[in-house]
Amino acid sequence: MSAHTTSQRLAWNEPTWLDTLAAWLLALLWILPLAYAVWTAFHPTEFATRFTPFAPLTLDNFGRAWAAAPFARYFLNTALLVLMILGAQLVLCTLAAYAFARWRFRGREFVFALVLVQLMVMPDFVIVENYRTMVRLGLVDTLLAIGLPYFASAFAIFLLRQTFMGVPKELDEAARIEGASALQTLWRVYVPLARPVYVAFALVSVSYHWNNFLWPLIVTNTQNARTLTVGLQVFSSVDQGVDWSVITAATLMTSAPLLVAFLLFQRQFVQSFMRAGIK
Amino acid sequence: MTSARLAAQPGGVDLRVVHAWLLLLPALVLLVAFVHWPVVATFIDSFWSTPRAGRASVFVGMENYRVMIEDPVFWKALRNNLLFALFTIPTSIVLALIMALWVNERIAGRAFLRMAYFTPTVLPMIAVANIWLFFYTPQYGLLEQITQLFGLPSHNWLGSPSTALGAVTVVAIWKEAGFFMIFYLAALQALNPSLREAAAIEGASRWYFFRRVQWPLLMPTTLFVLVNAFINAFRMVDHLFVLTRGGPDNATTLLLYYLYEVGFSFWDVGHASAITVVLVTVLAGIALFQFFVVDKRVHYR
């Protein structure tokens, strides 16, 4: 009986060949820019716009791009920035989410609403005032200045609060009876149970800040604190003229860590973005 | 439990409340410093003149707003941004939905399709904009090569005011659609499979099943995606730095990009504050929409 329903279900509504064709055409269109970049970056300059099947392959463009700008420094800066932001977010937002989820105090709803304001008014929009703040703090052109506005993430607080509220109260009470303090309970009961949410948030946060551009552009002015995205922009607009092979090589280099991670852990990535989206 | 007993004492300091505020404090201080304070400060600054060398800031009333209203570039940026929103939002949502419906079925090469649609999401906009720039380049860009194949005349897509905004809009749609697909996919997978079985037994057509079952049940997702798409329409400007720098003749200047120019190329804080106030007002509008329409609907179901 159930086998019968299953086969009926599968037979009904199967995508037609027309669906398959359209889906594939769209998918090819969607990866065309990337495919194009890979072609140009791995071939000598004269093949940048000529698509001969057996054009010689080369890594030369990557070498030239690497030598033409301090990419090593940019990579280091970006890696440090992304880790710093993630670390700060995890600690600060875990504490705040715990307070919202398990404590009763006057003004809780109001304060939570204040936190949620950041979901709309992201730091990207108040760049003028935040820049003035960084000038006053003497932090311009430091990694800390790039990261600071993002340390407290309303998104993370929201996500973790939802998760913590789903933790059975009995577990909390059991830990307290055994003499665990509030922070010990948080660390031993809540954090381990929220692990998938932490992974999801970490992936979203790292991709966001690896790719972020406008604020790092504004608040940095030397290579001391420039991130990859800013470095790439400076590099491709000033130094290179129209040497497309070198620019696409630099472009691929910039995207490579995330792209490779994505291709390796596709399921995890897609599920993380899903989890982060559904409350 | 000591703290509980303390809480019961009238007039006693509730230690638990102190704990709660201590937990909140670090995040709250940063949020106030980099979200709430800047909004308030921007509002105040918008009534003061820009401090210049040797001249301190003075109160000027509505002067910054008058300058803004008489500034044709501001209106052009606003108009561009509305057009940008009008085209990116519905197109990327419809594409996302179609992608999700495909990938949700047992379609040939499903894993590859999902990967292809989602890839633009993980790539830095500033990097992919460089590739798109090459696409659009006159004479030897890929697009030109294709149009030449069909014997069409050469066209400078980013260089002519009539097509530049369209060209940057396409890039934004390409970047976003796969991201929104994920939310639809998650929602589709959460739908009860017996709905589909019932539809199969009833012999409902695919379109009917989508229109009467899937689409209504996806409404909360659509509203969620809509809010995100709206915010993105006012936030996505990275590609402009590479593709057009707002040109030609401000044909592709969006509000946030214009804010960047006024604030960090002309260093006009007063004018920039007035523009920020406009942007924040737009966002507040989206927030109100979310609060009064989206949240109500979601709970209604």
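Start in chain B by selecting the place where its two domains meet: four residues of domain 1 are in contact with six residues of domain 2 (contact means that the C-beta atoms of two residues, placed from the backbone, lie within 7 Å). On the domain 1 side of chain B, those residues split into two nonpolar, one polar and one charged. For these classes, Ala, Val, Leu, Ile, Met, Phe, Trp, Tyr, Cys and Pro are nonpolar, Asp, Glu, Lys and Arg are charged, and the others, Gly among them, are polar.

A quick word on what you have open. This is a predicted model, where local features need pLDDT of at least 70 and side-chain atom pairs count only at pLDDT 80 or more, while totals for chains, interfaces and linings use all residues. Residues are numbered from 1 along each chain as its sequence is written, and chains are lettered from A and ligands numbered from 1 in the order in which they are written.

Now colour the two domains of chain B: select 2-45 for domain 1 and 74-300 for domain 2 (the bounds come from an automatic or database domain assignment). Their C-alpha centres lie 38 Å apart.

Next, show all of chain B as a cartoon. You'll find 14 helices and zero strands (DSSP runs numbered from the N terminus, with H or I over at least four residues for helices and E over at least two for strands). With a radius of gyration of 25 Å, well over the 19 Å that the globule rule gives for 301 residues, chain B is more spread out than a compact globule. That radius is taken over C-alpha atoms, and the rule is 2.2 Å times the number of residues to the power 0.38. Turn chain B along its principal axes and the C-alpha trace spans about 70 × 65 × 30 Å.

Over to chain A. Here there are 15 helices and, again, zero strands. The radius of gyration of chain A is 24 Å, also well over the rule's 19 Å for 279 residues, so this chain too is more spread out than a compact globule. Its C-alpha trace covers about 75 × 75 × 30 Å along the principal axes.

Last stop: show both chains together. How many residues of chain B are in contact with chain A? There are 74, and they meet 76 residues of chain A. Select residues 15-45 of chain B, which are helix 2: this helix gives the most to the side touching chain A, with 18 residues. Colour that side of chain B by class and you get 55 nonpolar, ten polar and nine charged residues.
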